[in-house]
Amino acid sequence: MVLLFDFIYRQFIHEPPPPTASFKGKTVIVTGGSGGLGLEACRSMIRLGASQVIIACRNIEKGKAAAKDLEATTSCSSGTIQVWNLNLSSFSSVQAFSKRVAAELPRVDAVLANAGIATRTFRISEDNEETITTNVVSMSLLAFLLHPKLRETASKHNTQTHLTITGSELYEVAAFKESKVPDGQIFATLNNKSTANMSDRYNVSKLLDLYVLREFAASFPVSSSGVIINCIAPGFCSSELHREHSNAFTNFLIRILARKAEVGARTLVYGASAGKETHGQYVPDCKIKAPQKGLGENSELQHRVWTELKKKLELIQPGVTSLT
Ligand SMILES: NC(=O)c1ccc[n+]([C@@H]2O[C@H](COP(=O)([O-])OP(=O)(O)OC[C@H]3O[C@@H](n4cnc5c(N)ncnc54)[C@H](OP(=O)(O)O)[C@@H]3O)[C@@H](O)[C@H]2O)c1
C-alpha cells in the first residue's frame, strides 16, 4: 500500500525539479546516451554548459542520430558531442571503451552508468543471463575501470567528480528467490535457465545495483577519492525500456502513467552534480531515501553478492577491483 501511494505521489503530484547546477567545462560520459533517459540527460547537461559529452552506445548509427538531435536542439559548438562504441553485453567492449577513455580524455567529471535492459526472455551473454551481464556485471566492470580517471580528475582539478548509477524503485519489489542458495552460488543460480524467474529479473538486477553502489562507495570513501558515487531512480518514464514486452496494454499504461523522459532524466543530472552527502546513497527524485526493509537492508546478502561479483570481475580482468 505504501508503495502504491508513493508511486501515485511521484507520478502525478511530485516532479523532480529541473536541474540548475553548472556543468561548465565538464566532461561527462553517459552510457545509453543514444535514447530515453540518457539522451535527455545529455541534452540537459549540454544546456548547463558541459563542454564534452560522450554518448557511449552499442548502436553507433543511433548514437549519431542522437548527437544530431542534440546539436540541433542545444546549438552546442561542434565537437561538444562524441559518439563512442560501448556494448555492455561484451566485457571486451567495456575494457576497450575504458582504455580509450584513459588514453583520449584529459578529464572525466561524471560517468552516468545509465544503460540497462528489461527483458523477460532468458538469453546468455558472456557468462551470465543477459540482464545480469548488462545491468550488473558490465556496469560494475565499467565502474571499476573508470574510477581511476574520476579520481585523477578530482585530484588534478581540486574538485569532486561523480559516478551515478541509474537504479529503479522496482528493486523494492524484488523477490530474489535465487538468494536462498549456499554461499558462492548466487550468480550460478541466476544463470540457470530452468529455474530463472524472468518476471523478477529486472527488479533483482536493480537490487544488485544497489548492493554494488553501497559496497563500492564504502570501498572508496569520497574523503580520499574525491569521487561521489550515488544511485538515482527516475520514476516510471516513457522510453524504449519496455520494447520487448510492448503491447496495447503496456502502451496505454505508459501513456497515462509515465513521466516524460526529460522529467525522469532530471534525476540523473541531479545525481551527477549532487553533494557528498549522497555518496553511497539511493537518491530517487533527488532526495536520499533509506533502504527498504527486508532485502534492501540485508547487509549480509549484500556482502555475499559483492564477494561473488568481485571474483567474477577478477576473472574478467585480474587486478581490476584494486586498480589505483
Ligand atoms: N523508463 C523507466 O520507467 C525507468 C524506470 C526506472 C529505471 N530506469 C532505468 O533507466 C535506464 C535507462 O533506461 P530508459 O528508460 O532510458 O530505456 P531505453 O530507452 O531503453 O534506454 C536504455 C539505453 O541503454 C542502452 N543499452 C541497452 N543495452 C545495452 C548494451 N548491451 N550496451 C550498451 N547500451 C545498452 C540502450 O541502447 P539501444 O537503444 O542500442 O538498445 C539505450 O540507449 C535503465 O538503466 C533503466 O533500467 C528506467
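A contact here means heavy atoms within 4.5 Å. By that rule, residues 24 or more positions apart account for 80% of the contacts in the chain with a separation of 6 or more. Keep that figure in mind during the tour. The model is predicted.

**Stop 1: the whole chain**

Show everything as a cartoon. The chain has eleven helices and nine strands. Its C-alpha atoms fill a box of roughly 55 × 50 × 35 Å along the principal axes. A compact globule of 324 residues would have a radius of gyration near 20 Å, and the 18 Å of this chain agrees with that.

Switch to a surface. About 14000 Å² is exposed, and carbon and sulfur atoms supply 55% of this area. Buried residues make up 56% of the 324 residues.

**Stop 2: the largest nonpolar core**

Hide the surface. Select I29, F97, F176 and L208. These residues have the most contacts inside the largest nonpolar core, which has 56 residues. Now add helix α5, residues 130–156. Helix α5 gives this core its largest share, eleven residues.

Center on F97. Which residues does F97 contact, leaving aside its neighbours within four places in sequence? The list is I29, I54, A56, W84, N85, L86, L142 and L146. Show them as sticks around the F97 side chain.

Then pick F23, I81, C237 and A265. They are among the 29 residues of another core, which lies apart from the 56-residue one. Keep A265 selected for the next stop.

**Stop 3: helix α10**

A265 leads to helix α10, residues 261–271. Is this helix mostly covered or mostly open? It is mostly covered, with nine of its eleven residues buried. Select the buried ones: A261, V263, G264, A265, R266, T267, L268, V269 and G271.

Next, color what they pack against. The partners are α2 (36–47), β4 (110–113), β7 and β8 (227–233).

**Stop 4: G167**

From β7, step forward to G167. This glycine sits in the loop between β7 (161–166) and α6 (186–190). Its relative accessible area is 4%, so G167 is buried.

Draw a distance from G167 to K206. Their C-alpha atoms are 5.6 Å apart, although 39 residues separate them along the chain. K206 is also one of the contacts of G167. The others, outside four places in sequence, are C231, I232, A233 and P234.

**Stop 5: salt bridges**

Side chains of opposite charge can pair when their charged atoms come close. With nitrogen and carboxyl oxygen atoms within 4 Å as the rule, the count comes to 20 salt bridges. Three pairs are worth a selection.

Start with K289 and D6. Their side chains meet in a salt bridge, 3.6 Å from N to O. K289 lies in the loop between β9 (282–284) and α11 (299–316), and D6 in helix α1, so the pair ties together parts that are 283 residues apart in sequence. Both ends are partly exposed: K289 has a relative accessibility of 29%, and D6 has 26%.

Go to α2 for the next pair. R43 and E40 form a salt bridge with closest N and O atoms 3.0 Å apart. Both lie in helix α2, three residues apart, or about one turn of the helix. Are these two buried or exposed? R43 is buried, at a relative accessible area of 9%. E40 counts as buried too, at 17%.

Now select D109 and R107. Their closest N and O atoms are 2.8 Å apart, and the two form a salt bridge. D109 is buried at 2% relative accessibility. R107 counts as partly exposed at 21%, because the buried class ends at 20%.

Finish the charges with R10, E169, R259 and D285. Salt bridges that share partners join these four into one network.

**Stop 6: the nonpolar patch**

Bring back the surface and return to helix α1. Select L4, F5, I8, Y9, F12 and I13. Together they make a nonpolar surface patch of about 630 Å².

Zoom in on F12. This residue lies in helix α1, which spans residues 2–13. Why does F12 count as partly exposed? Its relative accessible area is 48%, and the exposed class needs over 50%.

Methods
Residues are numbered from 1 along each chain as its sequence is written. This is a predicted model: local features need pLDDT of at least 70, side-chain atom pairs count only at pLDDT 80 or more; totals for chains, interfaces and linings use all residues. Side-chain values use heavy atoms; hydrogens and water are left out. Patches are made of residues with over 30% relative accessible area and no salt bridge: like charges are joined within 9 Å, nonpolar side chains (Val, Leu, Ile, Met, Phe, Trp, Tyr) within 5 Å. Accessible areas come from the Shrake-Rupley method with a 1.4 Å probe; for residues, only the protein chains shown count as cover. Helices (H or I, at least four residues) and strands (E, at least two) are DSSP runs, numbered from the N terminus. Buried means under 20% relative accessible area, exposed over 50%, partly exposed in between (1.4 Å probe, protein chains only). A nonpolar core is a set of buried Ala, Val, Leu, Ile, Met, Phe, Trp, Tyr and Cys residues joined through side-chain atoms within 4.5 Å. The radius of gyration is taken over C-alpha atoms; the globule rule is 2.2 Å times the number of residues to the power 0.38.
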